[in-house]
Amino acid sequence: MAHAIAKSDYTAPGGAPAKTFELFPRPTAKTGLVGWLTSVDHKKIGMMYGGFAILFFLIGGLEALMIRTQLIVPNNRFIGAQLYNELFTMHGTTMIFLAVMPLNAAFFNLLIPIQVGARDVAFPRLNAFSLWVWVAGAIMLNVGWLSHFVPSWGFGGAPDIGWFGYAPLTSKLFTPDLSTDMWVLGLQTLGLSSIVASLNFIVTIINMRAPGLTMMRLPVFCWMALVTSFLLILALPAIAIALVEVLFDRHFGTNFFEVSGGGQPILWQHLFWVFGHPEVYILILPPMGYVSEILPTFSRKPLFGYPIVVFSGAAIGFIGFGVWSHHMFTTGMGNVATAAFAVATMAIAVPTGVKIFNWIGTLWGGHIVTRTPMMFALGFIWMFMMGGFSGIMHSAAPADAQQQDSYFVVAHFHYVLIGGATFALLAAIHYWFPKFFGRLVPEFWGKLSFWIIFVGFNTTFFPMHFLGLNGMPRRTWTYDSNMGWNEGNFLATMGAYLLGVGIFTYFAVLIYTFFKGEKCGNDPWDARTLEWSIPSPPPEFNFKAVPTVHARDAFWYEKTHREETAKEQAEHMQAEAAHGGIHMPDQSWYPLLAAFGLMVGAYNFPQMDAPLVLFGNTLLSSHLPLSLAGVGFLVLSCYLWSLEGPGGYHIHLDADGRDTTPRGDHY
Amino acid sequence: MTRTRPVQRKIFLFLVATLGVITLALFRVELAEAFSLSGPQSTMVSAGPVAKAQWDLFMVTVYVTTFIFIVVGSVLAYAQIKFRAKSEAEERAVPPQQQGHGNPFIEIGLIASSVFLLVLIAIPTLRDIWYTHDVPEAERANAMDITATGYQWWFKFEYPGDMVKLPTGGEAPLVTGNELVVPAGVPVRIHLRTIDVIHSFWVPKLAGKVDMIPNRPNFLWLKADKPGYFYGQCAEYCGESHAIMRFRVIALSPSEYVRWLDNQKNGARTATAATVAAAQQATKVEFASFTNTSPRSSLSASGEMETDPFGAWRKKQQVPAHEEPKLIAEGHQLFSDKTCMNCHTIRGHASKTGTPYGGITAPDLTHVGARSTIAAGVLENTPERMSQWLNDPEYFKPGNKMVHGIGGMAGYFKPDEHGNPVRNINLNNREINALVAYLQSLK
């Protein structure tokens with residue numbers, strides 16, 4: 001493992017050094033705009049994922065507040081039907097694809113290489129490509145908002161077909177404008193990003209583990225990331241196919257879902273949920289991983305039942321592929337199919353329950369230290385449990401016939417995705433913030449934000465159970481005052497404002513801490529995994545010496561076996577120095593350029609029937625040449641990317657871990 | 001590690017308590033309302049065997065999960081309190097050397113009990129999947145079939161068992177729009193179709209929803225135990241005005257149902273001076289809501305409609321006290337002049353030139369005057385509401401086809417050569433009044 005590929009090791013067949021071709025010199029800036037745009041450092045990429053994700057999390061939250069404001073009183077005219085439909089479509093799409101998934105990707109990037117004792121991910125440039133492709137997808141999904149200010153763009157606003165885009169509402173007959181095409185291609189682009197990133201993480205976790213880090217010593221977070229990555233590469237092709245079919249129906253007259261041609265709209269639902277249900281676990285498994293890291297640290301005890309927690313995570317991944325039709329209990333699947341999916345859905349409650357039991361087992365007999373991350377983690381267990389119970393209620397298919405598409409479902413999945421995923425993410429941000437920024441978030445303000453969020457969240461979503469049981473359907477921009485929904489909606493909206501205040505407090509405190517927070521050492525929480533053994537913030541090369549892992553909680557073991565660890569590390573450092581120093585990957589422009597080409601191609605493709613107009617002048621009769629140019633640029637970038645070669649440079653450290661590489665000699 | 005100091009913790013508790021008290025004070029009166037399940041679309045207040053089975057099954061899941069919540073929640077709460085480090089010293093204390101990694105017997109025991117509890121839910125679930133799917137065998141001979149079709153954004157109901165004669169000759173099933181009338185105590189199988197996108201048929205008090213999916217014949221069954229007036233609503237997002245794609249189900253006693261059916265089978269009523277005078281002899285009904293001129297921003301119905309919608313529906317079956325035959329005749333003519341007939345049917349009526357009012361892309365209006373609501377359950381069917389609706393349909397139902405046109409037929413607007421909408425139908429106040437008088441006369 002200490003062995004690294006140096007530039008000279010990159011050989012052509014026959015053993016001669018491979019010829020590389022560099023169109024322009026490889027970027028070397030570590031800071032500044034170029035440093036970030038061309039970075040292949042997993043920590044920088046992780047932070048960019050995180051930054052963008054938090055931005056979209058706040059945008060999605062703003063959309064939610066507008067939705068709640070519209071529903072504060074019956075027959076409200078705050079926003080109209082069309083804008084409301086765009087808002088709930090984009091709220092769902094944003095929170096899932098542009099907030100929770102990239103936040104998880106941020107933590108995958110930040111933590112996986114360090115937790116497995118590696119210096120970067122397996123394919124650093126591919127990692128940058130994932131990020132920039134994700135950014136391209138995010139831009140395409142949201143570009144429609146701008147057409148509210150420039151109506152001539154022809155987007156018809158942001159997408160308004162629901163985050164689930166049920167056919168045939170997506171057909172050209174019902175949504176002729178470009179917003180639906182942008183939604184289709186935006187999701188497709190995001191899917192590409194996720195598949196590429198997942199392959200990278202799978203290889204990283206399996207191949208780049210430090211010596212002694214067997215799979216059953218892997219931190220639970222890495223296990224959950226591994227399961228999630230497999231879910232992504234297996235689930236995304238289903239929606240990729242479905243999205244291609246919609247695109248073909250819209251532009252090439254195929255009849256996959258086109259009713260007049262005998263198409264089957266129900267097919268979309270199956271394809272969508274074959275992706276969509278594993279997606280739920282894609283969102284929630286990483287948060288289960290954070291919680292499984294945070295609870296042991298603050299209980300000062302190892303995770304209870306590690307193998308069972310890991311196994312149940314994998315079991316959830318497997319069974320998660322067999323329950324998709326519980327989103328379709330009202331589509332008339334027939335009794336046998338309904339029964340099978342109902343029972344499978346109940347079955348998935350078992351491994352989920354097992355995780356909760358083991359988290360409680362972790363607390364049992366420990367010394368529970370109630371710091372802010374622990375508050376969020378405990379809040380997660382309570383709220384996720386609530387969401388789980390309403391999930392069990394949905395598995396009873398006939399009862400679900402009343403709840404499907406009602407506010408009861410809205411309550412259920414917000415308990416899972418805010419009370420569950422988001423609470424765990426807020427716990428994780430708070431927990432790992434000192435590691436990556438070297439400053440501790442003030443406890444008082446952290447806990448205050450927790451309580452505001454906790455109270456606001458429950459005030460918003462608990463009444464929604466009752467709204468749903470009282471017959472209020474989802475995705476409705478207005479309701480009448482005689483339906484008995486006035487009080488519940490008013491309460492929910494007030495709760496949403498409170499939740500907004502809590503989220504604002506949370507991030508305001510983080511920004512304050514970033515600039516002014518109390519500095520902290522390597523291991524402020526007395527934690528158990530490898531990332532806490534290195535400086536905060538971690539150096540570019542992560543580890544001055546590749547660690548040897550002897551136990552499940554690797555760093556906990558190191559802390560109790562200091563002499564042995566010091567001796568091993570000295571040996572590893574010597575071996576690496578003898579080999580030429582620490583090998584690091586070179587930066588590159590091509591991931592960014594390739595993603596740009598992809599975006600230009602995808603953005604212009606659905607506009608191939610429309611002339612290209614700029615400031616009132618018609619430049620081209622079709623967007624097709626631009627689309628082809630974008631694809632050409634993508635192919636060219638990938639070609640030059642491969643000619644450029646992996647590159648790399650060495651860093652030399654002294655015995656204390658200080659960088660002794662002569663200035664300017666990194667390359 | 002920094003602990004929060006006790007002072008801070010007190011500030012904390014104070015803040016949380018204050019927040020709670022403010023919240024409670026603000027909503028004390030209404031809090032109970034927020035958690036009551038007494039609305040017209042309540043799934044708890046079931047009025048038929050299907051909805052009842054669904055609610056009872058839901059309660060089984062509530063009992064089981066509440067039991068689990070109490071057990072697991074107590075253990076979790078106990079662990080959180082009992083094992084909390086109470087002082088800085090305790091936090092820094094060396095953790096127990098013998099750190100437990102789990103216990104297979106506890107794990108297996110917990111898995112087994114979870115499975116057992118889920119089986120408790122699974123058994124009634126399986127039973128009810130079969131029960132709620134179709135009319136029970138024993139009652140099947142007695143069952144009635146109705147076809148419901150979803151349109152953006154209204155419902156059409158057809159009675160294949162009750163044919164009516166068409167003015168053009170031939171027979172077709174009786175058609176109504178947005179208000180489904182069924183006999184109480186009779187199982188009804190509703191065949192679900194759609195003309196455009198996916199809709200979902202949901203009358204919470206009678207039965208859970210089943211989707212109306214293109215190229216896929218679905219059905220559901222329901223039975224109203226007693227006569228009553230029930231609220232329903234589309235439950236699958238179907239485009240711009242999904243929120244106000246509403247309908248009603250009215251269950252009548254068998255004898256009242258037959259009376260209603262007989263009247264429906266007749267062609268549209270023609271109000272001439274003679275028929276109006278005859279009707280005045282028979283009934284003198286004054287509708288409270290007719291005098292209600294609430295601003296249009298408040299869509300809610302009159303008090304009468306809210307407290308007793310069934311009674312209000314019954315009153316709508318009768319001819320009102322004041323009718324102006326001249327105005328009605330004018331409205332009759334306008335119905336063809338303004339091209340309403342292109343989309344709407346009024347069975348038995350025709351234009352001056354003899355073209356029957358037989359459009360099929362919009363709700364059948366043959367007996368619209370006898371309905372309690374218009375515009376797919378959005379507005380109470382009063383002359384005021386109807387004239388507001390005709391004056392500005394876009395306001396009440398954004399995107400609706402009466403404004404934007406459908407299937408190449410123009411609505412209030414039609415596209416010019418650049419695709420921009422230009423006004424197509426203009427209605428002045430006099431014309432709206434005439435149309436309202438005409439439509440209200442169609443009992």
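This is a chat about the contact between chain B and chain A, and about a strand of chain B, in a predicted model.

User: Hi! Anything to know before we start?
Analyst: The model is predicted, so local features need pLDDT of at least 70 and side-chain atom pairs count only at pLDDT 80 or more, while totals for chains, interfaces and linings use all residues. Residues are numbered from 1 along each chain as its sequence is written, chains are lettered from A in the order in which they are written, and side-chain values use heavy atoms, without hydrogens and water.

User: Thanks. How many residues does each chain put into the contact?
Analyst: Chain B gives 111 residues and chain A gives 115 residues; contact means heavy atoms within 4.5 Å.

User: And what area is buried between them?
Analyst: About 9,800 Å², with 68% of that from carbon and sulfur atoms. Buried area is the accessible area (1.4 Å probe) that two parts lose on being put together, summed over both.

User: How many salt bridges cross the interface?
Analyst: Two, by the rule, which asks for a side-chain nitrogen of Lys or Arg within 4 Å of a carboxyl oxygen of Asp or Glu. E236(B) and R475(A) form a salt bridge through their side chains, at 3.8 Å from N to O.

User: Which element of chain B gives the largest share of its side?
Analyst: That's helix 2 of chain B, with 18 residues. Helices here are DSSP runs of H or I with at least four residues, strands are runs of E with at least two, and both are numbered from the N terminus.

User: Let's hop to N335(A). Is that residue buried or exposed?
Analyst: N335(A) counts as buried because its relative accessibility is 13%; buried means under 20% relative accessible area, exposed over 50%, and partly exposed in between (1.4 Å probe, protein chains only). N335(A) lies in helix 9 (residues 335–363) of chain A, and touches I129(B), W130(B) and H133(B), leaving aside residues up to four places away in sequence.

User: New topic: why is strand 6 of chain B largely enclosed?
Analyst: Five of the five residues of strand 6 (residues 199–203) of chain B are buried, so the rest of the structure largely encloses it. H199(B), F201(B) and V203(B) are buried on one side, and S200(B) and W202(B) on the other.

User: How does strand 6 run against strand 7?
Analyst: Strands 6 and 7 of chain B run antiparallel, joined by four bridges; pairing takes at least two DSSP bridges. They form a hairpin with three residues between them, and H199(B) sits opposite M212(B) in strand 7 of chain B.
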